[in-house]
Amino acid sequence: MNRRDVFYNLERRVTPTRLLNSIAQSFNNPMNDGKTLVLVEGYGDYRYYKKMLIEKSVFIQSTSGCDNMNAILPILVKQQKCLAIQDSDFLKMGQHKIVSANMLYTDYHDYEMSALADDDFRKRYLEVLKDNGCDVDINIALTELYTLSYYKLCNELHNFRTDFEPVNKLICKVEKLDYNMIHGHIGSNSNGFHDITLGFLNGIIRYCPIDEDKKEYHLVNGHDLFNRLCFHSGGVVDEDFLRDKLLELSELSDFMKMNLYTLIVDWQNQNCVSIVLS
């Protein structure tokens, strides 16, 4: 079990009420006077944004997923200055997300895909992987994940609440990630299964409301990509290694290229605080 799976299992137990109680105990003390509360989705997000924000000016809190974040943000903004940074997921592809002056979204699917969408950073990252014995083609991995990613998009657009964990565990193990493989494992393992036909899925693909460069970085999530790269590495690296290298290589200069950086600067100016490095 990798580090993400450990945190995933722990995060499933977190509820909005428990989270609010935890924040009340940890944030509301004299040491945090004057700090801005920043909500992020998970531990990986925490590690990434900690590098980009002014440590003495912020208290970063993981919410264990976007549902918890959506539930507690309206309550917290009434109590203190609070900014939430959430994965955009399929926002550019028709998924509904809450609109709030205190909610900002990643440029691409998540922070990993937003980082890798930058050509210079991606080249630097792949060179480091190659130096560590992991010579992989990220474009092949992205293409192989299209069907699964569109399946997940369909799930979000129609609120099917399908459990993809049985399939997620196979991304780093199986040769083919085609419709039959995905459909079969979800059908036999998920209580939330809905009979999404291949024709229905192809309709989603044809009429997906996004047509721009780097569409794949909106479509595919970082967790799935890392797992597929693990498959192509032949076991040389694992997901923790890939994520750790991305975090290690991410610099403020990379973050400053993102639209999210500009949005944070705008937010801090409107709220008369200084929270992001420059």
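A residue is counted as buried when its relative accessible area is under 20%. By this criterion Tyr151, with a relative accessible area of 1%, is buried in the predicted model analysed here. Tyr179 has a relative accessible area of 13% and is therefore buried by the same cut-off of 20%.

The aromatic residues are considered first. A pair of aromatic rings is described by the distance of the centres and the angle of the planes. The structure holds 11 aromatic pairs. One of them joins Tyr48 and Tyr49 in an edge-to-face arrangement, with 5.1 Å from centre to centre and 85 degrees between the planes. Tyr48 is buried, at 1% relative accessibility, and Tyr49 is likewise buried, with a relative accessible area of 2%. The pair formed by Tyr151 and Tyr179 is stacked, because the ring planes lie at 25 degrees, with the centres 6.2 Å apart; planes under 30 degrees apart count as stacked. Tyr151 belongs to helix H8 (residues 146-157) and Tyr179 to helix H10 (residues 179-189), so this pair ties together parts of the chain that are 28 residues apart in sequence.

Beyond individual pairs, one aromatic cluster is formed by Tyr48, Tyr49, Tyr111, Phe255 and Tyr261. A contact between a charge and a ring is also present: the charged end of Arg228 sits over the ring of Phe231, at 4.1 Å from the ring centre.

The nonpolar interior was examined next. The largest nonpolar core comprises 71 residues, and those with the most contacts inside this core are Tyr49, Leu116, Tyr125, Leu225, Phe255 and Ile264. Helix H8 gives the most to the core, contributing 5 residues. Tyr49 and Phe255, listed among the residues with the most contacts in the core, are also members of the aromatic cluster. When neighbours within four places in sequence are left aside, Tyr125 is in contact with Leu116, Phe226, Leu242, Lys245, Leu246 and Leu249. A second, separate core has 14 residues, including Leu19, Ile23, Leu76 and Tyr105.

Leu76, a member of the second core, is also one of the buried residues of helix H4 (residues 66-76), the others being Asn68, Met69, Ile72 and Leu73. Viewed down the axis of H4, the buried residues fall within an arc of 125 degrees and therefore line one face of the helix. These buried residues pack against helix H2 (16-27) as well as strands S1 (36-40), S3 (82-86) and S4 (103-105).

Strand S1 is largely enclosed by the rest of the structure, since 5 of its 5 residues are buried. In a regular strand the side chains alternate between the two faces of the sheet. Both faces of S1 are covered, with Thr36, Val38 and Val40 buried on one side and Leu37 and Leu39 buried on the other. Strand S2 (residues 58-62) is mostly covered, with 5 of its 5 residues buried. Val58, Ile60 and Ser62 point one way from S2, whereas Phe59 and Gln61 point the other way, and all are buried. S1 and S2 pair in the parallel sense over 5 bridges, and Leu39 stands opposite Gln61 in S2.

Two residues of S1 illustrate the surroundings of this strand. Thr36, found in S1, is buried at 1% relative accessibility. Apart from residues up to four places away in sequence, Thr36 touches Ser57, Val58, Phe59, Lys81, Trp267, Val273 and Ile275. Val38 is also placed in strand S1 and is buried, with a relative accessible area of 1%. With residues up to four places away again not counted, Val38 touches Leu53, Val58, Phe59, Ile60, Gln61, Leu83 and Ile85. Val58 and Phe59 thus appear among the contacts of both Thr36 and Val38. The C-alpha atoms of Val38 and Cys82 are separated by 5.8 Å, although these residues are 44 residues apart along the chain.

Notes
Residues are numbered from 1 along each chain as its sequence is written. This is a predicted model: local features need pLDDT of at least 70, side-chain atom pairs count only at pLDDT 80 or more; totals for chains, interfaces and linings use all residues. Side-chain values use heavy atoms; hydrogens and water are left out. Rings of Phe, Tyr and Trp (its six-membered ring) pair if their centres lie within 6.5 Å; planes under 30 degrees apart count as stacked, over 60 as edge-to-face and the rest as tilted. Buried means under 20% relative accessible area, exposed over 50%, partly exposed in between (1.4 Å probe, protein chains only). Helices (H or I, at least four residues) and strands (E, at least two) are DSSP runs, numbered from the N terminus. A charge sits over a ring if NZ of Lys or CZ of Arg is within 6 Å of the ring centre and within 35 degrees of the ring normal. A nonpolar core is a set of buried Ala, Val, Leu, Ile, Met, Phe, Trp, Tyr and Cys residues joined through side-chain atoms within 4.5 Å. Contact means heavy atoms within 4.5 Å. The arc is that of the directions from the helix axis to the C-beta atoms. Two strands pair if DSSP finds at least two bridges between them.
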